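Keep the sequence and the model side by side while reading. The paragraphs below go from strands to cores and then to charged pairs.

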Amino acid sequence: DAIRSSRLEAGGRFERGMTALNGRTGRRLSLAYSSELFGQDRQTIDEAFPGDVLELEMASRKKVVIIGANFAGLACSMKLSSRFDVTVIDSSACFEFLPNIHELISGVKTPALLRLDRARILRRLGHRFVQDMVSRIDANNAVVRTASGDTFEFDTCVVAVGGVNNSFGIQGVDDFAFPFKSVDDCARIKSQLDKLSSRGKG
């Protein structure tokens, strides 16, 4: 697996599973726990790497790709710690809190109150968010491909894309009924109700 690297001045934070590498001498010091270097371990660190900038190499982590960032996808990502390299892919930038979408029609809520930035949520969890559409899951080669041409390798792939609207071929449904499962759906319903209400007042 690829090794993710970052650079950190002595005195910063080491996370569990990292190895401190002295870029000048090549000496290494493994850290089996998290610690602030201003604590009791500071002297040990400074003796191993006197005055040098430390390069931290994150130990190889299992790659998890989650397709879909609604309730199931986000719940899965919340169960995974930073010991995993997690990538969450969804075509929309915002998570919508669907249990309250009916309040958009009544005017109690606004769309902004029910939409949360997915990238921000996942960044707080230490995970990566990719706004894109998955075009193919290559199970044999353990790779997910997106519509934009990017590829993401995985050890585990979680498919949590949710459902789609289905009229089951019932005549007239697609022409005269409104779907009711997103913020945009409710905006269209409210708009139609407002039009009907205006006609009634006229």
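How many bridges join strand β13 to β14? In this predicted model, three bridges join the two strands, and β13, which covers residues 143-146, runs antiparallel to β14. Within this pairing, Val-144 stands opposite Phe-152 of β14.

The two strands belong to an open sheet of three strands, in the order β12-β13-β14, with antiparallel pairing. Strands β12 (134-138) and β14 (151-153) are at the edges. Each of these edge strands has a single partner, so one side of each is left without a neighbour in the sheet. On average, neighbouring strands of the sheet are turned by 20° against each other, if direction is ignored.

Next come the nonpolar cores. The largest one has ten residues, among them Val-64, Ile-66, Leu-80, Val-86 and Phe-129. The other members are Ala-69, Leu-74, Val-88, Phe-95 and Leu-122. Two strands, β7 (62-67) and β8 (84-90), each supply at least two residues of this core. A second core is separate from it and has seven residues, including Ile-67, Ile-89, Val-144 and Phe-152. Val-144 and Phe-152 have already appeared as the residues that stand opposite each other, Phe-152 being in β14.

To see one core member in its surroundings, look at Val-86. Apart from neighbours within four places in sequence, what is Val-86 in contact with? Its contacts are Val-64, Ile-66, Leu-80, His-127 and Arg-128. Of these, Val-64, Ile-66 and Leu-80 are also listed in the largest nonpolar core.

The charged side chains give another view of the model. A search of the whole structure finds seven salt bridges. In one of them, the side chains of Arg-115 and Glu-96 meet, with an N to O distance of 3.2 Å. Arg-115 lies in strand β10 (residues 115-117) and Glu-96 in strand β9 (residues 94-96), so this pair ties together parts that are 19 residues apart in sequence. Is each partner buried or exposed? Arg-115 has a relative accessible area of 28%, so it is partly exposed. Glu-96 has a relative accessibility of 16% and therefore counts as buried, since the cut-off for buried is under 20%. The pair is also part of something wider: Glu-96, Arg-115 and Asp-184 are linked in a network of salt bridges.

Another salt bridge is formed by Glu-103 and Lys-109, whose closest N and O atoms are 3.0 Å apart. Here Glu-103 is buried because its relative accessible area is 19%, while Lys-109 is partly exposed at 23%.

The last stop is helix α7, which covers residues 183-201 and holds Asp-185. Which residue meets the side chain of Asp-185 in a salt bridge? The partner is Arg-188, with an N to O distance of 2.6 Å. Both residues lie in helix α7, three residues apart, which is about one turn of the helix. Asp-185 counts as buried because its relative accessibility is 5%, whereas Arg-188, at 44%, counts as partly exposed. If residues up to four places away in sequence are not counted, Asp-185 touches Pro-179 and Phe-180.

Methods
Residues are numbered from 1 along each chain as its sequence is written. This is a predicted model: local features need pLDDT of at least 70, side-chain atom pairs count only at pLDDT 80 or more; totals for chains, interfaces and linings use all residues. Side-chain values use heavy atoms; hydrogens and water are left out. A nonpolar core is a set of buried Ala, Val, Leu, Ile, Met, Phe, Trp, Tyr and Cys residues joined through side-chain atoms within 4.5 Å. Buried means under 20% relative accessible area, exposed over 50%, partly exposed in between (1.4 Å probe, protein chains only). Helices (H or I, at least four residues) and strands (E, at least two) are DSSP runs, numbered from the N terminus. Contact means heavy atoms within 4.5 Å. A salt bridge is a side-chain nitrogen of Lys or Arg within 4 Å of a carboxyl oxygen of Asp or Glu. Two strands pair if DSSP finds at least two bridges between them. Axes are lines fitted to C-alpha atoms, for helices over the stretch in contact, and angles run from 0 to 180 degrees between N-to-C directions.
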